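User: I would like to go through this model step by step. Could you guide me?
Analyst: Certainly; please look at the structure first.

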Amino acid sequence: MDHAKLLFPICRSLTGEGTRKTLNYFEKFNPELNRLKFKSGEKVFDWEIPLEWNINDAYIQNINTGKKYAEFKKNNLHIVGYSIPLNDIFSLDELQSKIYTIKDHPNWIPYVTSYYKKDWGFCLEESVKSNLPKGKYKVYIDSTLKKGSLDLDYALLKGHYKKEILISSYICHPSMANNELSGPLVLNAVLDYIKNKYKNLRFSYRLVLAPETVGTIAFISKFEKDLKKNVICGINLSCVGDERSFSFVKTPYGTTLADDVMRAALVGKENKNEYSFMNRGSDERQYCSPLINLPVCTFSKSLFGKYPEYHTSKDNLELITEKGLKESLDVVTSIIDGFESCLYPIINVKCEPQLGKRNLYQDLSIVKKGKHFGRSTLDVIAYCNGENSIFDISNLTQIPLKEVTSQIEVLKRNSLISDNIK
Amino acid sequence: MDHAKLLFPICRSLTGEGTRKTLNYFEKFNPELNRLKFKSGEKVFDWEIPLEWNINDAYIQNINTGKKYAEFKKNNLHIVGYSIPLNDIFSLDELQSKIYTIKDHPNWIPYVTSYYKKDWGFCLEESVKSNLPKGKYKVYIDSTLKKGSLDLDYALLKGHYKKEILISSYICHPSMANNELSGPLVLNAVLDYIKNKYKNLRFSYRLVLAPETVGTIAFISKFEKDLKKNVICGINLSCVGDERSFSFVKTPYGTTLADDVMRAALVGKENKNEYSFMNRGSDERQYCSPLINLPVCTFSKSLFGKYPEYHTSKDNLELITEKGLKESLDVVTSIIDGFESCLYPIINVKCEPQLGKRNLYQDLSIVKKGKHFGRSTLDVIAYCNGENSIFDISNLTQIPLKEVTSQIEVLKRNSLISDNIK
Amino acid sequence: MDHAKLLFPICRSLTGEGTRKTLNYFEKFNPELNRLKFKSGEKVFDWEIPLEWNINDAYIQNINTGKKYAEFKKNNLHIVGYSIPLNDIFSLDELQSKIYTIKDHPNWIPYVTSYYKKDWGFCLEESVKSNLPKGKYKVYIDSTLKKGSLDLDYALLKGHYKKEILISSYICHPSMANNELSGPLVLNAVLDYIKNKYKNLRFSYRLVLAPETVGTIAFISKFEKDLKKNVICGINLSCVGDERSFSFVKTPYGTTLADDVMRAALVGKENKNEYSFMNRGSDERQYCSPLINLPVCTFSKSLFGKYPEYHTSKDNLELITEKGLKESLDVVTSIIDGFESCLYPIINVKCEPQLGKRNLYQDLSIVKKGKHFGRSTLDVIAYCNGENSIFDISNLTQIPLKEVTSQIEVLKRNSLISDNIK
């Protein structure tokens with residue numbers, strides 16, 4: 001949350017100083033992050049890197065009263081993203097169609113952008129807009145829209161295997177907390193976790209922080225071959241800071257390792273949702289697009305578009321909590337621990353092993369509420385055929401992933417299990 | 001409905017003048033229809049072409065009062081189909097077991113046939129039967145049962161591909177409207193539609209009008225090799241004239257292209273039923289039989305056997321409507337339009353295409369009730385991987401087939417989509 | 001039930017005279033049963049054959065009053081299985097932790113064993129335990145625990161095909177009726193049934209009676225290669241004597257022939273349960289273990305652990321009935337009849353056969369409640385494609401297995417069906 005408070009006020013967008021400042025901030029903590037720059041006008045697949053947008057100030061001002069409204073300096077959501085520079089006078093009537101509000105929440109400011117059509121506009125509380133005094137207004141937008149660059153960061157932590165786990169988030173939204181600050185914050189913590197816990201990684205991990213959509217497309221275009229060859233599971237982090245629920249967006253057919261992984265990581269959670277790809281909305285759109293076709297799910301607490309504060313000024317630091325962020329980190333680290341433990345566990349003995357002689361089972365056979373002690377170890381073993389992943393086993397047994405992993409660790413120490421990875 | 005009124009009174013059966021008259025009628029409008037004749041006694045698979053049956057008149061007449069009942073000339077359902085000629089006197093008691101009624105609907109006449117056992121009988125309203133005056137009755141059946149032929153019509157509209165869509169209906173029932181007149185009427189309209197809309201067909205279309213069961217078996221026996229080689233999807237039309245619901249009977253395992261096609265064509269319909277093959281009852285029985293195994297579904301509004309008027313005199317011109325027939329035609333033409341548009345659409349660009357620069361997307365990113373404009377285009381594209389058929393895409397996205405097809409047409413015009421057909 | 005009354009009192013365990021006596025008893029009726037002996041200390045996969053345990057007497061006796069409790073001679077459940085010999089004095093306090101009861105059922109005696117840790121203990125009614133008078137107690141256990149053997153029986157009935165149906169049950173529990181006597185009793189009756197009904201078997205049948213877990217592991221270790229090569233379907237019998245319901249435990253993924261078989265055998269039963277492998281508890285644990293991986297389901301009436309009397313003195317001869325046993329026998333014999341009839345039926349004619357000319361169908365086409373007579377024959381034929389097993393056909397049509405088999409028999413007699421077995 002300390003990071004959150006420092007990063008929240010920065011005005012990020014697809015491009016520009018705000019985004020660079022944010023990337024710089026994360027690089028300070030994690031020098032593994034590499035900067036990648038794409039120049040305005042560069043072609044990335046079907047897209048073109050846009051001009052760089054920077055903004056110093058913006059407001060509208062009633063000529064009669066001198067009162068300013070929609071001041072960028074008070075809340076950077078007031079200005080429509082990528083608004084062109086302007087300094088002109090409009091009547092209130094002319095201005096109306098350039099001011100966006102949320103009718104259902106008259107005291108919230110919406111978040112609006114116009115990346116690909118040169119335009120301008122302001123976002124206001126409906127309660128303010130409907131009470132704007134009549135008269136002429138000065139419209140002042142001190143922005144620049146020039147050739148520059150789109151910036152993104154990525155890190156590649158190499159493991160024993162070339163196969164990669166991709167963990168991504170995005171970095172292009174101004175002052176909103178759940179969408180988007182929570183994602184980069186958790187990604188940063190994940191990077192810390194991996195570095196601190198695993199000196200010798202089994203799998204490789206690729207972490208990405210890129211402006212959504214065009215930034216991710218640029219990233220994919222750069223590493224297409226590697227990604228297609230190596231990524232076996234990807235998780236995109238979006239809206240991972242609230243405490244309301246656990247959600248994930250499945251891949252288009254819901255049948256990849258990433259889907260199994262997310263399902264397993266949520267086994268035992270109470271308030272959870274599995275959304276079809278029809279509910280997609282973040283960079284899984286690019287990773288899972290037909291000709292890219294990577295196994296990437298988006299993990300969220302409350303899914304984008306499914307919580308009322310989404311894309312408004314109410315998506316602020318009150319919506320996300322230390323606990324909410326920690327719960328998300330915990331989900332991601334349980335997945336990493338699964339990969340680092342044993343991806344395709346295979347039992348080494350025929351028939352059930354005798355757990356008793358290894359002190360892994362109670363000695364006295366007495367049924368307590370239909371459950372033997374040591375039963376969950378046997379449940380895990382029952383599915384350790386070298387074909388099921390550790391995540392499948394959690395899904396098949398409905399034993400939480402963390403417990404499956406710790407059972408597998410015990411079985412590995414007892415030489416009962418090996419990894420059947422190919 | 002004009003066609004319906006002209007064709008309704010004709011007494012059709014497996015064979016005979018009524019059936020030929022009906023086929024002649026359709027041939028007048030569609031010279032593409034070819035007549036196929038099978039001689040009585042000819043073997044078709046496990047079956048034999050039956051004798052030809054014709055009938056001029058039939059009734060029973062109370063000797064005392066002279067009053068006639070069950071007059072063929074008043075309603076051709078009164079005579080059991082394939083009744084042998086007869087002119088004899090019976091007591092009422094003797095007659096009872098030869099008169100069929102519907103106890104639950106005392107004012108309706110049932111439809112009964114005895115194709116394969118030489119027999120005779122009459123069908124009456126239960127209310128009439130139970131009030132027949134005692135006494136002797138003259139039974140008069142002026143029919144013939146002689147060597148002749150079984151007739152059927154088919155048309156083959158050749159397209160660029162040899163692969164065929166089969167559309168069939170049957171032509172062997174006397175005066176009943178939903179089962180069966182509706183089927184041949186819609187098939188006739190489908191033939192018109194294809195000819196008028198598509199000068200250069202992509203796929204080939206085979207249309208069939210045959211007496212149910214033995215006629216269809218004869219047809220299959222004649223074209224077995226071609227059908228097995230070319231038919232990729234078939235739709236049998238039965239009971240397609242009422243307005244009550246949309247139904248289809250799945251193939252035995254429900255997993256063929258025809259099943260996907262029917263499911264897609266009903267996406268968005270409100271009152272619809274998907275019946276298992278256990279509910280089969282029309283010529284899907286032959287097309288889907290184990291050693292034929294063609295991908296053919298039966299499409300119905302109300303399914304045979306599932307509406308009370310089925311196989312009774314109440315299945316009359318009041319049950320079917322212009323609107324009901326039109327709705328069915330619309331389902332079939334939406335399928336044809338799908339095939340003719342793009343069977344296995346594949347997107348040509350990596351990652352999501354930029355719809356904005358093609359004016360296929362709104363420029364301003366603002367969420368309205370969780371839905372972007374242009375979203376359904378992206379939903380369609382998300383599944384255009386060259387493996388999903390246009391019908392799969394409708395099923396996966398739950399966007400109605402017609403809308404998917406029109407989206408695909410727009411994308412084709414923008415060179416974003418090709419057909420991955422092999 | 002006569003067998004049951006004779007066998008009930010015998011004190012069986014993993015090893016020992018009680019078990020041998022029981023095997024001797026069955027061998028008298030079925031000389032096809034072969035005895036297999038494994039010596040104490042012999043390694044079987046991850047396990048070791050335990051010492052042989054025999055017991056003559058056991059009780060606890062209040063020194064003051066001379067009153068005996070937990071007398072083995074009154075109920076052999078009173079002694080914890082595999083209790084070591086003992087003759088010593090304990091205070092009531094010291095004794096408490098060695099006496100097992102069921103709090104929820106104060107008048108029932110639990111069943112407890114300590115096979116793999118040298119220990120001793122007694123099982124009592126909670127009502128008795130809580131009223132034990134204070135004072136010193138003599139603990140007397142006249143048992144032996146010595147090198148000896150583990151015994152099991154199996155029979156192999158050879159058929160035309162080497163492929164085998166495995167039918168197993170277990171023989172290691174003292175006086176309990178549903179778990180376990182019912183299993184060996186039904187297995188014995190199955191053996192009778194096969195011998196009496198089939199002089200020339202198509203398939204081979206392997207029947208096994210072994211001490212649960214270690215006995216079955218020993219059996220598998222002995223025949224591993226044969227079992228893996230030949231067993232196409234296995235059924236383990238456990239708790240098959242009550243009348244409460246029909247249950248089966250699926251294989252780990254629920255997709256083997258054995259699963260189809262059990263599902264089919266229960267089509268049409270009213271009170272039935274299909275349990276996931278997570279509910280396993282008998283020898284399916286060994287047969288379905290990852291490196292053995294045989295297609296074996298456990299069939300039960302009430303599943304172990306799911307009925308209150310399980311592993312208590314109330315699992316007595318009142319719980320199982322002649323009718324209950326007969327119903328289970330009926331399930332197993334319906335399966336055998338299916339295998340012996342036609343495993344992969346394939347229709348010999350293209351399109352539907354004409355049942356009428358073979359008198360397999362009514363001649364008059366009249367619909368009665370939407371169902372034609374002869375319809376179920378056509379339903380069966382619709383799925384006779386040589387790929388579906390006779391059991392699949394029952395599951396697909398939901399026609400009870402017995403009726404499917406009798407339909408298939410009629411069709412075979414009419415030369416319409418052959419077996420597509422490979």
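**Contacts between chains**

Analyst: Across the interface of chain A and chain B, the rule finds 15 residue pairs in polar contact, both residues being at pLDDT 80 or more. A polar contact is a pair of N or O atoms within 3.5 Å; within protein, one must be able to donate a hydrogen and the other to accept it, and residues adjacent in sequence count only if both atoms are side-chain atoms. The model is predicted: local features need pLDDT of at least 70, and side-chain atom pairs count only at pLDDT 80 or more, whereas totals for chains, interfaces and linings use all residues. Residues are numbered from 1 along each chain as written, chains are lettered from A in the order in which they are written, and side-chain values use heavy atoms, without hydrogens and water.

User: Which elements of chain A supply at least two residues of the side that touches chain B?
Analyst: They are strand 3 (47-48), helix 6 (214-230) and helix 8 (284-287) of chain A. Helices (H or I, at least four residues) and strands (E, at least two) are DSSP runs, numbered from the N terminus.

User: And which of them gives the most?
Analyst: Helix 6 of chain A does, with four residues.

User: How do the residues on that side of chain A divide by class?
Analyst: There are 17 nonpolar, six polar and eight charged residues. Ala, Val, Leu, Ile, Met, Phe, Trp, Tyr, Cys and Pro count as nonpolar, Asp, Glu, Lys and Arg as charged, and the others, Gly among them, as polar.

User: How many residues take part in the contact of chain A and chain B?
Analyst: Chain A contributes 31 residues and chain B contributes 27 residues, where contact means heavy atoms within 4.5 Å.

User: What area do chain A and chain B bury between them?
Analyst: The two chains bury about 2,600 Å², with 55% of it on carbon and sulfur atoms. Buried area is the accessible area (1.4 Å probe) that two parts lose on being put together, summed over both.

User: How many salt bridges are there between chain A and chain B?
Analyst: The count is five, a salt bridge being a side-chain nitrogen of Lys or Arg within 4 Å of a carboxyl oxygen of Asp or Glu. In one of them, Arg285(A) pairs with Glu352(B), and the closest N and O atoms are 2.7 Å apart.

User: What about chain C and chain A: how many salt bridges does the rule find there?
Analyst: The rule finds five across that interface. Among them is the one in which the side chains of Asp46(C) and Lys357(A) meet (3.5 Å, N to O).

User: Changing topic, what turn lays chain A on chain B?
Analyst: A turn of 120 degrees does so, with a shift of 0.0 Å along the axis and an RMSD of 0.1 Å. That is the relation of a three-fold axis. The copies are superposed by least squares on the C-alpha atoms of residues with pLDDT of at least 70 in both.

User: Which residue of chain A comes closest to the rotation axis?
Analyst: Thr255(A) does, at 11 Å (C-alpha).

User: Where is Pro252(A)?
Analyst: Pro252(A) is in the loop between strand 14 (246-249) and helix 7 (257-265) of chain A. Leaving out residues up to four places away in sequence, Pro252(A) touches Phe277(A), Cys288(A) and Tyr383(B).

User: Is Pro252(A) buried or exposed?
Analyst: Pro252(A) counts as buried because its relative accessibility is 13%. Buried means under 20% relative accessible area, exposed over 50%, and partly exposed in between (1.4 Å probe, protein chains only).
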